[in-house]
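Here's a quick briefing to read with the model open beside you. Take the topics one by one and look each spot up as you go.

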Amino acid sequence: MNVQNERLGYPIVVARDVRRSLRDAIRARGGRFVVLCDAQPAVASLARRVGSGASACLAVALGERRKTLASLEAVLDALARTGAERSTIVVGVGGGVAADLFGLASALYARGVPYFHVATSLVAMVDAAIGGKTAVDLAAGKNLAGTFRNPAGVFAHVDALRTLPFRSLREGLAEVVKAAVIVGGDLFESLEILAAHPFSRWPWLELVAAAIDVKAAIVERDPLEEGERALLNLGHTFGHAYERASGYRITHGAAVALGLRAAGLLAQRVTHFSKRDHLRVLALLALLEMPLRTSIEAGDALAAMALDKKRLRGRLRFVLPRAIGDVRYDCEAPRAAVLEVLGLMRRVPADRG
Ligand SMILES: NC(=O)c1ccc[n+]([C@@H]2O[C@H](COP(=O)([O-])OP(=O)(O)OC[C@H]3O[C@@H](n4cnc5c(N)ncnc54)[C@H](O)[C@@H]3O)[C@@H](O)[C@H]2O)c1
Ligand SMILES: [Zn+2]
């Protein structure tokens, strides 16, 4: 089975093996293409398979610390050495770092060449490759140099999840849980059921397609993040603070899980989020073995939060659930409530959540 999502004006194909759809899409656009991939062996091997017929196939050593302007320049130079022209299609293969870096390179090279991304990590499939944001990090902060630029197509190669390390799968799962809290309904309920089963038995194709649709539907209504797209930051205001306050020892996925609990605690005080819904979210996160408490001091987290780039006129804004499936952005919360929540986050969830 293949699922094709057309909401964003370019195809997002979800398939166990995307090679045929990709080949057809390349052919429909004129044929000449180069492949850029993450040098991770399983990814590079897939890239060689999707790259048969490419005029070049370049493997680049990636990783979070290499999402830099220096890597961007190296990729642009490499593209130039292949003789790529304005009409040459760039096919990027890899996770979220590849999506951000190769997507940005293709936006800049020759003032923009068509870009297809073959997503190989869960984060790339449900988040990074969807919605047109591309970026590299600067010394001053993550994702500070980038642009909005739609790809010509996204291909979620679900079979790639088999070689993805467990910790990387969990990074993506935190975003899937976030999407499920935003949309509620079937997606949330199926996660509650699946959480009791081993990952090897999960219907990943359907799950990936459902999570993509949550993001695509929101981005469709607000492509440039002028309003509703902020919903996708659920759990991220607290999450980014925990990442930063821990010196990035806490991974993004773990931080989002912590952020979802913190948002639920704050929502009980601000939007009358029910304890019942809050406990459902906690139970799901716990079953997925996500962290729910942190040793970070409340004051340190608050200081890190005040640096958040999503701060509006110095006041703290939050994305908070009113119920599972009913999330609001632009909620302001009293500093005292935020501090109380940050304090509770240092304890295991008790009956107050
Ligand atoms: N642009 C956006 O909207 C957006 C959204 C979310 C995240 N991001 C970015 O995405 C990045 C995180 O993405 P990520 O978690 O995919 O990181 P990643 O690309 O570094 O991949 C994680 C690890 O898994 C490896 N890998 C990828 N696919 C594999 C596979 N199939 N088999 C084995 N190993 C595989 C990679 O080599 C890497 O070591 C961050 O830089 C983040 O800023 C961007
Ligand atoms: Zn995230």
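How many disulfides does the structure hold? Zero, where a disulfide is a pair of cysteine sulfur atoms within 2.5 Å. Before going further, note that this is a predicted model: local features need pLDDT of at least 70, side-chain atom pairs count only at pLDDT 80 or more, and totals for chains, interfaces and linings use all residues. Residues are numbered from 1 along each chain as its sequence is written, chains are lettered from A and ligands numbered from 1 in the order in which they are written, and side-chain values use heavy atoms, with hydrogens and water left out.

**The cysteines**

- Take Cys37: its sulfur has its closest cysteine sulfur in Cys57, and at 5.0 Å that is too far for a bond.
- Cys37 counts as buried because its relative accessibility is 2%, and Cys57 counts as partly exposed because its value is 38%.
- Those words have cut-offs: buried means under 20% relative accessible area, exposed over 50%, and partly exposed in between (1.4 Å probe, protein chains only).

**The zinc site**

- Three protein donors hold places around the zinc ion (ligand 2): Glu175 through OE, and His236 and His252 through NE2, at 2.0 to 2.1 Å from the ion.
- Donors here are N, O and S atoms within 2.8 Å of the metal (3.2 Å for Na, K and Ca); water is not among the atoms, so sites may look incomplete.
- Along the chain, these zinc donors follow the spacing E-x60-H-x15-H.
- His236 sits in helix H9 (residues 236-245) and His252 in helix H10 (residues 252-270), so this pair ties together parts that are 16 residues apart in sequence.
- Helices (H or I, at least four residues) and strands (E, at least two) are DSSP runs, numbered from the N terminus.
- Is His236 buried or exposed? With 7% relative accessibility, His236 counts as buried, whereas His252, at 26%, counts as partly exposed.

**Two domains and where they meet**

- The chain splits into domain 1 (2-163) and domain 2 (170-344), with bounds that come from an automatic or database domain assignment.
- Taken over C-alpha atoms, the centres of domain 1 and domain 2 are 27 Å apart.
- In domain 1, 21 residues are in contact with 24 residues of domain 2, contact meaning heavy atoms within 4.5 Å.
- About 2,000 Å² is buried between domain 1 and domain 2, and carbon and sulfur atoms give 70% of that.
- Buried area is the accessible area (1.4 Å probe) that two parts lose on being put together, summed over both.
- On the domain 1 side, Arg7, Leu122 and Val126 lose the most area to domain 2, together 29% of what that side buries.
- Four salt bridges are counted between domain 1 and domain 2; a salt bridge is a side-chain nitrogen of Lys or Arg within 4 Å of a carboxyl oxygen of Asp or Glu.
- The side chains of Arg7 and Glu220 meet in a salt bridge, 2.9 Å from N to O.

**Two more residues to find**

- Ser21 is part of helix H1 (residues 19-28) and counts as buried at 18% relative accessibility.
- Leaving out residues up to four places away in sequence, Ser21 touches Asn2, Val13 and Phe155.
- Leu232 belongs to the loop between helix H8 (204-221) and H9, and counts as buried at 10% relative accessibility.
- Leu232 and Tyr329 are 97 residues apart along the chain, yet 9.1 Å separates their C-alpha atoms.
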